[in-house]
Amino acid sequence: MKLILLGAPGAGKGTQADILCKELDVPTISTGNILRAAIKNGTPTGLKAKSYMDAGNLVPDEVIIGIISERLAEPDCAKGYILDGVPRTIAQAEALEQAGIQFDSVVSIEITDEAIMERMSGRRVCETCGASYHVAAVPPKTEGVCDKCGGALVQRKDDKPETVKARLAVYHKETEPLKAFYAERGLLKKVENQPSVEETSQAILRVLGR
Ligand code: AP5
């Protein structure tokens, strides 16, 4: 299964990818997580990406295409994968197509900008393993502590309201056209965001015929 998850910042791509990768038994490739790890480790890619990410802008296509080509060549991707947060521009989608990759489905999680603005203020992420929580919708067992690794939960730098607004504008301009790109190829499946994470997972599995 080769699946792309599309959606606005905060639509729930990472949350759903985490659930679906267990259901489908394939790895999740999140360019956001790869870039945050690169920043944390002070690598040249991280240094290049940081200012773009802090401002809510996209990291240049050539950096992303390099990262994703390397990652998809690793052995655990042989049986399939879920792409979370990539492609994000037509140029990235064309690069994947030119690499000969054929996807089974592209799922777009549909949610309004208003719901995103409200939701993002409550997101908390683990500073050690990157796991994502929400103070009301997906709370950890112990406040401020990651269920998975015991790391501290913090607010992401790019979740400040003004940065979320910038990220939404970038999404509408650069990433939303991918819906038409994949609809033309007969791959697009739209799923409305549901009130709970579980209901959204069920809706995605339904459109995937699972
Ligand atoms: P990235 O990390 O990919 O951020 P994003 O796409 O903006 O998405 P998020 O991680 O913010 O949200 P999500 O959709 O995964 O939602 P989540 O599951 O956390 O990218 C960050 C930056 O890196 C970009 O701005 C860019 O600079 C750069 N970058 C990355 N990839 C790139 C690329 N390909 N090209 C160029 N630049 C790139 O859920 C959000 C919250 O909602 C959580 O708190 C969650 O618990 C909660 N929640 C989820 N579902 C539900 C539900 N159904 N009901 C209630 N709450 C829910």
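**Exercise 1. The second largest pocket**

Which elements each supply at least two residues of the lining of the second largest pocket?

Solution.
Step 1. Note what kind of model this is. The model is predicted, so local features need pLDDT of at least 70 and side-chain atom pairs count only at pLDDT 80 or more, while totals for chains, interfaces and linings use all residues. Residues are numbered from 1 along each chain as its sequence is written, and side-chain values use heavy atoms, with hydrogens and water left out.

Step 2. Fix the terms. On a 1 Å grid over the protein atoms alone, a pocket is an open set of points with protein on both sides within 12 Å along at least five of seven lines, a cavity is a set of points where a 1.4 Å probe fits but cannot get out, and a lining residue has an atom within 4 Å of a point. Grid points are joined across faces, edges and corners, and a volume is the space filled by probe spheres set on the points. Helices (H or I, at least four residues) and strands (E, at least two) are DSSP runs, numbered from the N terminus.

Step 3. List the lining. The residues are Ile34, Ala38, Thr45, Gly66, Ile67, Glu70, Arg71 and Glu74, and the space in this pocket is about 150 Å³.

Step 4. Assign them. The elements that each give at least two residues are α2 (31–40) and α4 (61–72). Helix α4 gives the most, with four residues.

Step 5. Sort by type. Ala, Val, Leu, Ile, Met, Phe, Trp, Tyr, Cys and Pro count as nonpolar, Asp, Glu, Lys and Arg as charged, and the others, Gly among them, as polar. The lining then divides into three nonpolar, two polar and three charged residues.

**Exercise 2. The shell around the ligand**

Describe the residues around the ligand and its polar neighbours.

Solution.
Step 1. Find the shell. A residue is near a molecule if one of its heavy atoms lies within 4 Å of it. There are 38 residues around the ligand, and those that come nearest are Thr15, Asn57, Arg88, Arg123 and Arg167.

Step 2. Sort the shell. It holds 15 nonpolar, 15 polar and eight charged residues. The elements that each supply at least two of them are α1 (13–24), α2, α6 (113–120), β6 (132–134) and α9 (197–207). Helix α2 has the largest share, four residues.

Step 3. Look at polar atom pairs. A polar contact is a pair of N or O atoms within 3.5 Å; within protein, one must be able to donate a hydrogen and the other to accept it, and residues adjacent in sequence count only if both atoms are side-chain atoms. A polar backbone atom of Gly10 is 2.9 Å from an oxygen atom of the ligand. For Lys13, a polar side-chain atom lies 2.9 Å from a ligand oxygen atom. A nitrogen atom of the ligand lies 3.4 Å from a backbone N or O atom of Pro195.

Step 4. Check the cover. Of the 1,100 Å² of accessible area (Shrake-Rupley method, 1.4 Å probe) that the ligand has on its own, the protein covers 96%.

**Exercise 3. The largest cavity and a cis bond**

Which residues line the largest cavity, and where does Pro87 lie?

Solution.
Step 1. Count. There is one cavity of 30 Å³ or more, and the volume of the largest cavity is about 50 Å³.

Step 2. List the lining: Leu5, Leu6, Gly7, Lys13, Gly85, Val86, Pro87, Arg88 and Thr175. Strand β1 (residues 2–7) has the largest share, three residues. By type there are four nonpolar, three polar and two charged residues.

Step 3. Inspect Pro87. This residue is in the loop between β3 (81–84) and α5 (90–98). The peptide bond between Val86 and Pro87 is cis, with omega about 0 degrees. Most peptide bonds are trans, and most residues other than glycine have a negative phi.

Step 4. Inspect Asp25, in the loop between α1 and β2 (28–30). Asp25 is not a glycine, yet its phi is positive, about 55 degrees.

**Exercise 4. Two residues of strand β4**

Is Glu110 buried or exposed?

Solution.
Step 1. Take the rule: buried means under 20% relative accessible area, exposed over 50%, and partly exposed in between (1.4 Å probe, protein chains only).

Step 2. Apply it. Glu110, in strand β4 (residues 105–110), has a relative accessible area of 15%, so Glu110 is buried. Ser108 is also found in β4; its value is 0%, so Ser108 is buried.

Step 3. Add contacts. The side chain of Glu110 makes a polar contact of 2.6 Å with the side chain of Ser108, and another of 3.1 Å with that of Lys179.
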